[in-house]
Amino acid sequence: PTSGVVHINSEKTLRNLRVLDVAGKLVYTINGELDQFTEIDLSDLNKGSYILQLEENGVVVTEKLLLE
């Protein structure tokens, strides 16, 4: 769970970060290559469950995200 700030740290190359609400609506995006350490601020979003998607070597990785 997070209160709004999400830290993403990876040794691999990540691209095209997307955050979707549970209905599948895109609510946040970063297009292009991400830094090895990326911080995103989602504190403007409503509390609840979200889906975080990243591309890693051409494969979409999906994680659940809970905003409290």
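Here are some questions and answers about this predicted model.

Reader: Happy to dig in! Which residues touch the most other members of the largest nonpolar core?

Author: Good place to start. The largest nonpolar core has 13 residues, and the elements giving two or more residues to this core are β1 (5-9), β2 (14-21), β5 (48-56) and β6 (59-67). The residues that touch the most other members are Val 6, Ile 8, Leu 17, Val 19, Ile 40, Leu 42 and Leu 54.

Reader: Let me pick Leu 17. Which residues is Leu 17 in contact with, leaving aside its neighbours within four places in sequence?

Author: Leu 17 is among the residues that touch the most other members of the core. Beyond its sequence neighbours within four places, the contacts of Leu 17 include Tyr 28, Thr 29, Ile 30, Leu 34, Leu 52 and Gln 53. The contacts of Leu 17 also include three names from the core list above: Ile 8, Ile 40 and Leu 54.

Reader: Now a polar one. Is Thr 38 buried or exposed?

Author: Thr 38 sits in strand β4 (residues 37-41). Not counting residues up to four places away in sequence, Thr 38 touches Val 6, His 7 and Ile 8. Its relative accessible area is 10%, and the limit for the buried class is under 20%, so Thr 38 is buried.

Reader: Which backbone oxygen does the side chain of Thr 38 reach?

Author: Thr 38 is buried, yet its side chain has a polar partner. At 3.1 Å, that partner is the backbone oxygen of Asp 35.

Reader: What about Asn 16: buried or exposed?

Author: Asn 16 belongs to strand β2. Leaving aside neighbours within four places in sequence, Asn 16 is in contact with Ile 30, Asn 31, Gly 32, Gln 53, Leu 54 and Glu 55. Its relative accessibility is 15%, and under 20% is the cut-off, so Asn 16 counts as buried.

Reader: Which side chain does a polar contact of 3.2 Å join to that of Asn 16?

Author: Let's take the backbone partner of Asn 16 beforehand: a polar atom of its side chain lies 2.7 Å from the backbone nitrogen of Gly 32. The 3.2 Å contact is between two side chains, and the partner of Asn 16 there is Glu 55.

Reader: Glu 55 sounds busy. Which residue forms a salt bridge with Glu 55?

Author: Side chains of opposite charge can pair when their charged atoms come close. Glu 55 is partly exposed, with a relative accessible area of 21%. In its salt bridge the closest N and O atoms are 3.8 Å apart, and the partner is Arg 18. This pair links distant parts of the chain, with Glu 55 in strand β5 and, 37 residues apart, strand β2 holding Arg 18.

Reader: How many residues apart in sequence are the parts that Lys 12 and Glu 56 tie together?

Author: The side chains of Lys 12 and Glu 56 meet in a salt bridge at 3.5 Å, N to O. Both ends are partly exposed, Lys 12 at 48% and Glu 56 at 23%. Because Lys 12 lies in the loop between β1 and β2 while Glu 56 is in strand β5, the pair ties together parts whose separation in sequence is 44 residues.

Reader: Last one: which residue meets Glu 33 in a salt bridge?

Author: Glu 33 counts as exposed at 55% relative accessibility, and its partner is partly exposed at 36%. Glu 33 lies in strand β3 (residues 26-33) and the partner in strand β2, so the pair ties together parts 18 residues apart in sequence. The N to O distance is 4.0 Å, and the partner is Arg 15.

Technical notes
Residues numbered from 1 in each chain as written. Predicted model: local features only at pLDDT ≥ 70, side-chain atom pairs only at ≥ 80, totals over all residues. Heavy atoms only, no water. Core = buried A, V, L, I, M, F, W, Y, C linked by side-chain atoms within 4.5 Å. Buried < 20%, exposed > 50% of the residue type's maximum accessible area, 1.4 Å probe, protein only. Helix = DSSP H or I, 4+ residues; strand = E, 2+ residues; numbered from the N terminus. Contact = heavy atoms within 4.5 Å. Polar contact = N/O pair within 3.5 Å; in protein donor to acceptor, adjacent residues only side chain to side chain.
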